[in-house]
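Reader: I'd love a close look at one part of this model, seen within its surroundings. Could you pick a single helix and walk me through how it begins, how it sits and what follows it?

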Amino acid sequence: MKGPKPLTVVIKLGTSSIVDEKTHEPLLSILTLIVETAVKLRKDGHKVVIVSSGAIGVGLRRLDVERRPKHLSKLQALAAIGQCRLMSLWDSLFGHLRQPIAQILLTRNDIADRTRYLNAQNTMNELLEMGVIPIVNENDTLAVAEIKFGDNDTLSAITAAMVHAHFLFLMTDVDCLYDKNPRTHPDAQPIEEVEDISAIRADVSSAGSALGTGGMGTKIVAARLATSAGVTTVITRSSSPGNIVKIVRYLQARKKHISSSHHSPVINDEEHLSRSTASLNLDALEKPPLHTRFLPFSHPIRDRYFWILHGLAPHGTIYIDAGAHQALADKAGLLPVGVLDVEGNFAQQEAVRLVVVKRLSEPGPNGKLWEGPGEEIGRALVNYAAPEIIRIKGHRSAQIESLLGYADSEYVADRESISLLYRESRPVTPVLEKLNENGGMAANENGTSL
């Protein structure tokens with residue numbers, strides 16, 4: 001009989017899970033449990049990646065600095081001091097269990113450059129095949145505002161997509177998402193499963209710690225990124241890392257039961273007995289610890305398309321009409337005739353936002369052929385710079401050469417260089433429907449949460 005399928009599990013740990021917020025001392029008890037959890041997952045046959053914050057926090061302790069400084073150069077210096085101390089600590093703890101680890105430091109520039117992105121992906125996959133646990137962190141020593149991820153929640157989601165992970169665990173100071181802040185509302189109800197993030201009603205008011213940069217809102221953003229890449233994302237309590245193994249084993253058993261129940265339309269008596277036994281086994285299975293899991297998209301955005309959407313910073317915006325949007329949905333490229341306007345100063349092969357707007361039959365008061373706020377539908381790598389697209393917009397491809405003096409492509413952007421934001425329509429979970437009836441706090445789609 002085959003055992004459970006080996007999985008790839010990414011575990012994200014914030015600074016508050018690694019370092020005491022006041023004394024800046026490493027939380028050895030929690031770190032030890034995390035190491036034991038990772039090794040248990042390895043013994044179950046799974047591949048494990050850890051995304052670890054904490055370099056600056058450890059640096060503060062090393063130099064006996066009480067407060068996190070505001071100057072970038074001081075933060076970078078503390079990160080340089082703390083990162084080697086942090087990795088030494090990880091290596092020492094994992095060494096007791098004879099588990100090899102590796103350090104990978106990334107910035108936004110590493111993700112934005114396609115070659116470096118693929119190099120990082122290949123390195124991580126090779127380490128996982130060798131049985132090594134990669135420990136990933138943002139390279140705070142080199143990162144400045146323009147190339148920072150902003151928080152390691154986002155980095156963990158991109159890492160999970162990069163290695164095609166099955167699970168991303170976002171460890172935090174609460175058990176799960178609640179419809180209200182459980183610290184101030186004793187009647188707060190847990191949200192155990194989320195199918196549609198855009199329909200979620202939850203309290204995301206908890207901010208990051210004094211040492212960290214993320215809060216619950218950033219975890220919702222990370223969940224949106226990871227689930228779009230087909231990664232089941234779980235929020236659970238960081239002080240109980242053993243929950244990860246219990247949740248993974250439970251969800252594996254649950255999935256196995258569901259797949260066996262729908263395996264064959266014809267069921268004989270022996271198979272019926274087998275399935276009944278499986279059902280009893282599932283009922284007898286220990287209920288997993290409290291957590292919130294975000295279900296992955298059934299049609300995930302992966303590899304190059306995920307990289308275009310989430311790995312690149314857009315340098316401008318191209319406004320297109322509904323006809324062009326439909327053509328993109330039908331797997332065609334973006335022709336200049338469907339372009340209505342251009343915003344920003346971007347170069348050839350740079351990333352831009354694609355925004356669909358309503359085309360007007362004649363220019364409006366502002367002289368534009370479109371109106372409305374528009375809806376961003378994706379990102380693209382363009383074949384022409386902004387000034388060139390302004391000159392060819394609204395024209396047919398056959399006219400490009402006469403307008404520019406040359407024609408590199410008939411398309412403003414080729415289809416393989418366009419990634420659309422997939423908006424999956426799924427029913428709201430029963431838990432969320434109940435919360436809606438009770439008037440739970442709505443998470444803002446464009447604010448701190450979503």
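Author: Happily! Let me begin with what counts as a helix here: a DSSP run of H or I with at least four residues, the helices being numbered from the N terminus. Please keep in mind that this is a predicted model. The protein has 15 helices and 15 strands, and I have picked helix 6, which covers residues 114-129.

The start of helix 6 comes with a polar contact. There, a side-chain oxygen of D113 reaches to within 3.1 Å of the backbone nitrogen of T115.

How long should the helix be? At 1.5 Å a residue, its 16 residues should span 22 Å, and the C-alpha atoms at its ends are indeed 22 Å apart, so the expected and computed values agree.

Now to its two sides. The buried residues of helix 6 are Y117, A120, Q121, M124, L127 and L128. Looking down the helix axis, you find these buried residues within an arc of 130°, which means that they line one face of the helix. The general background is familiar: an α-helix has 3.6 residues a turn, so residues three or four places apart point the same way. On the other side of helix 6, T115 and E129 are exposed. As for what follows the helix, G131 comes after helix 6 and has a positive phi, near 85°.

What does the helix take part in? The largest nonpolar core has 48 residues, and those touching the most other members are V10, V136, L168, L177 and F294. Helix 6 is one of the elements that give two or more residues to this core, and its partners there include strand 2 (47-52), strand 3 (101-106), helix 7 (152-162), strand 5 (167-172), helix 8 (216-228) and helix 11 (303-311). Apart from this core lies another, with 35 residues, L7, L13, A38 and L89 among them. In soluble globular proteins, nonpolar side chains tend to be buried together.

L168 gives a good view of how the core is joined up. Leaving out residues up to four places away in sequence, L168 touches V10, S156, A157, A160, A226, V231, T232, T233 and V234. Three of these names, S156, A157 and A160, belong to the buried residues of helix 7.

Helix 7 makes a nice contrast with helix 6. In helix 7, 11 of the 11 residues are buried, so the helix is largely enclosed by the rest of the structure. Helix 6, by contrast, has exposed residues in T115 and E129. Just after helix 7 there is also a positive phi, this time about 55° at H164. H164 is a residue other than glycine, and its place is in the loop between helix 7 and strand 5. With a relative accessibility of 32%, H164 counts as partly exposed, because that value falls between the 20% and 50% limits. For context, most residues other than glycine have a negative phi. Another such case is K331, whose phi is near 75°. K331 lies in the loop between helix 12 (322-329) and strand 12 (339-343), and at 63% relative accessibility it counts as exposed.

Strand 2, another contributor to the largest core, contains S52. This serine is buried, with a relative accessible area of 2%, and its side chain makes a polar contact of 3.3 Å with that of W90. Setting aside neighbours within four places in sequence, S52 is in contact with L13, I18, L86, W90, I135, V136, N137 and N152. Two of these names link back to what we have seen: V136 is among the core residues with the most touching members, and N152 is one of the buried residues of helix 7.

Stepping back to the whole protein, buried residues make up 49% of its 450 residues. Among contacts with a separation of 6 or more, 75% come from residues 24 or more positions apart. The protein exposes about 22100 Å², of which carbon and sulfur atoms supply 51%. To return to your helix: its buried residues line one face, T115 and E129 are exposed on the other side, and G131 follows with its positive phi.

Definitions and conventions
Residues are numbered from 1 along each chain as its sequence is written. This is a predicted model: local features need pLDDT of at least 70, side-chain atom pairs count only at pLDDT 80 or more; totals for chains, interfaces and linings use all residues. Side-chain values use heavy atoms; hydrogens and water are left out. A nonpolar core is a set of buried Ala, Val, Leu, Ile, Met, Phe, Trp, Tyr and Cys residues joined through side-chain atoms within 4.5 Å. Buried means under 20% relative accessible area, exposed over 50%, partly exposed in between (1.4 Å probe, protein chains only). Contact means heavy atoms within 4.5 Å. The expected span of a helix is 1.5 Å times one less than its number of residues. The arc is that of the directions from the helix axis to the C-beta atoms. A polar contact is a pair of N or O atoms within 3.5 Å; within protein, one must be able to donate a hydrogen and the other to accept it, and residues adjacent in sequence count only if both atoms are side-chain atoms. Accessible areas come from the Shrake-Rupley method with a 1.4 Å probe; for residues, only the protein chains shown count as cover.
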